[in-house]
Amino acid sequence: MTLSLERPRTAAPARRRKPLSASVPGILRHAVLIVATVLFFGPFVWMVLVSFKSAQEALAVPPTFLPTEWHVDNYTRLFEIAPFGRFYLNTVVVAVLSTLGQVVTSLMAGYAFARLKFRGSNVIFVILLGALMVPFEVVFTPLISLLSSLGWLNSYQGLIVPNIPSILGVFLFRQFFSNFPSEIEDATRIDGATVWQRFRLIMAPMATPMIGSFAILSFVYNWNNFFFQFIAVNRTEFFTVQIGLTLLQSQEGASNFNLLMAGSTLAVIPVLIVFLLFQNQIVKAISGGLR
C-alpha cells in the first residue's frame with residue numbers, strides 16, 4: 001500500500017462581482033469627462049475642418065462635418081490677401097519681449113517682497129494685490145493718453161512696455177520664495193555674498209521651474225492680448241495676428257468664412273501646442289508655489 005504525498009486540491013474562491021452601484025460613480029465620471037472633452041475641443045475641431053472647406057461648403061445648410069474636397073490652398077490664399085507673415089512676426093516680437101520683461105521684473109520683485117525686509121513692504125504688496133482686482137477697462141483710457149503723449153502709439157514699445165509689469169507674476173514668485181528654505185541663503189550670507197549674488201547665484205536658479213511655468217502662462221496671455229493691441233495700433237505694419245483676423249473678418253468674413261477659420265487655426269495652434277506640452281509643469285509649479 002502506497003501513501004500519496006499530494007495535498008488535496010482546494011477549490012479556488014469565487015471572485016465576487018462588484019455590484020453595479022459601485023461602478024456607477026466611475027461611469028458617471030467618464031461620461032462627464034467625455035462631455036467636457038467634446039465641449040472644449042469640439043469647436044476647435046470644427047474650426048479646423050471648416051478651414052479646409054470651400055467657401056460655399058463652409059456656409060452650407062445643413063452643414064457637413066468632413067469636407068467633401070480638402071482645400072489646402074486656403075492657407076496659402078490667406079497670406080495672399082493679407083500680410084499675415086508680418087502679423088505673425090509682430091505677434092512673436094511682442095509676445096516674446098513682453099514675456100521676457102514680465103519674467104525678469106516679476107522674479108526680482110517677488111524675491112524682494114519675500115526675502116528683503118524694508119519698511120512698508122507688506123503695505124505695498126497689499127496695494128498691488130488690490131490693483132490686481134481692477135479691470136483693465138478702467139485704466140485703458142489714461143494709459144492710451146499716456147502712450148499718445150509719449151508718441152508710442154503705433155510702435156513696438158507701445159505694445160510691449162505697458163505689458164511688462166505683472167502683478168500676478170510678482171504674487172507667484174513671492175509665494176515661491178516665501179516657501180523656499182532659508183538655510184542655503186543664510187549660509188551664503190555668512191560667507192559674505194551680497195544681495196545680488198544671493199539672488200543671481202542661489203535663488204534665481206532654484207526658481208527655474210516657476211520661471212518656466214510663468215513664462216508659458218505669460219506667453220499665452222501676451223499672444224492673445226487682443227483688446228490692448230487693438231486700441232494701441234491702427235497701422236497695418238504693427239498689426240498682430242488677432243488684429244489681422246478682425247481685418248480679415250471685416251473684408252472677407254462674409255464671403256470667405258473658410259479663410260477666416262484658416263487664420264483662426266493658425267492663431268490658435270502655437271498656443272495650443274505650448275499648453276499641451278507644458279500643462280503638467282504649469283500645474284505642479286503653481287501648486288508648489290502656493291503652498
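# Group meeting: an all-helix predicted model

Let me start with the pocket. H11 gives the largest share of the lining of the largest pocket, with four residues. Keep H11 in mind, as I will return to that helix.

A word on what we are looking at. This is a predicted model. The chain has 14 helices and zero strands. So there is little to say about the pattern along the sequence: α-α-α-α-α-α-α-α-α-α-α-α-α-α. Of the 291 residues in the chain, 34% are buried. Now the contacts with a separation of 6 or more. Residues 24 or more positions apart account for 74% of them.

Back to the pocket. How big is the volume of the largest pocket? About 740 Å³. The lining has 21 residues, and the closest to the pocket centre are Phe136, Pro162, Pro165, Ile167 and Tyr221. Which elements give two or more residues to that lining? They are H5, at 121-132, H6, at 136-150, H8, at 167-178, H11, and H12, at 226-232. By class, the lining splits into 16 nonpolar residues, five polar and no charged.

Next, helix packing. Two packed helices are described by the angle between their axes and the distance between the axes. I have two pairs, and H10 is in both of them.

Pair one is H10, residues 195-206, with H11, residues 208-223. Their axes come within 5 Å and cross at roughly 60 degrees. H10 and H11 are therefore oblique to each other. Who meets whom? From H10 we have Ala204, Pro205 and Met206. They meet Thr208, Pro209 and Ile211 in H11. That contact has five nonpolar residues, one polar and no charged.

Pair two is H4, residues 84-115, with H10. Here the axes come within 12 Å, and the crossing is at roughly 110 degrees. That makes H4 roughly perpendicular to H10. On the H4 side, the contact uses Leu107, Met108, Tyr111 and Arg115. On the H10 side, it uses Val195, Trp196, Arg198, Phe199, Met203 and Ala204. The class count for H4 with H10 is eight nonpolar, no polar and two charged. Ala204 of H10 is worth a second look on screen: it meets H11, and it is in the contact with H4 as well.

Now some single residues. Trp223 comes first. It is found in H11, the helix we began with. Is Trp223 buried or exposed? Trp223 is buried, because its relative accessible area is 3%, and the cut-off for buried is under 20%. What does Trp223 contact, leaving aside neighbours within four places in sequence? The list is Tyr88, Thr91, Val92, Ala95, Gln242, Ala267, Pro270 and Val271. Take Ala95 from that list. Trp223 and Ala95 are 128 residues apart in sequence, yet 5.3 Å apart in space, C-alpha to C-alpha.

Then two serines. Ser51 lies in the loop between H1, at 20-50, and H2. Ser51 is buried, with a relative accessible area of 0%. Leaving aside neighbours within four places in sequence, Ser51 is in contact with His71, Asn74, Tyr75, Asn258, Met261, Ala262 and Thr265.

The other serine is Ser264. This residue is found in H14, residues 257-289. Ser264 is buried too, at a relative accessible area of 14%. With the same four-place neighbours left aside, Ser264 is in contact with Met47 and Leu245. How far apart are Ser51 and Ser264 in space? They are 8.7 Å apart, C-alpha to C-alpha, and 213 residues apart in sequence.

Last topic: the backbone. Two spots to check.

First, Pro62. The peptide bond from Val61 to Pro62 is cis, with omega near -5 degrees. Pro62 is found in the loop between H2, at 55-58, and H3, at 73-81.

Second, Asn154. Its phi is near 55 degrees, which is a positive value in a residue other than glycine. Where is Asn154 found? In the loop between H6 and H7, with H7 at 156-160. Asn154 is buried, with a relative accessible area of 15%.

To recap. H11 gives four residues to the lining of the largest pocket, is oblique to H10, and holds the buried Trp223. H4 is roughly perpendicular to H10. The cis peptide bond runs from Val61 to Pro62, and the positive phi belongs to Asn154. That's it from me.

Key:
Residues numbered from 1 in each chain as written. Predicted model: local features only at pLDDT ≥ 70, side-chain atom pairs only at ≥ 80, totals over all residues. Heavy atoms only, no water. Axes fitted to C-alpha atoms, helices over the stretch in contact; angles between N-to-C directions. Parallel < 35°, antiparallel > 145°, perpendicular 65-115°, else oblique. Contact = heavy atoms within 4.5 Å. Nonpolar A, V, L, I, M, F, W, Y, C, P; charged D, E, K, R; others polar. 1 Å grid on protein atoms, 1.4 Å probe; cavity = no way out; pocket = protein on both sides within 12 Å on 5 of 7 lines; lining within 4 Å. Points joined across faces, edges and corners; volume = space filled by probe spheres on them. Buried < 20%, exposed > 50% of the residue type's maximum accessible area, 1.4 Å probe, protein only.
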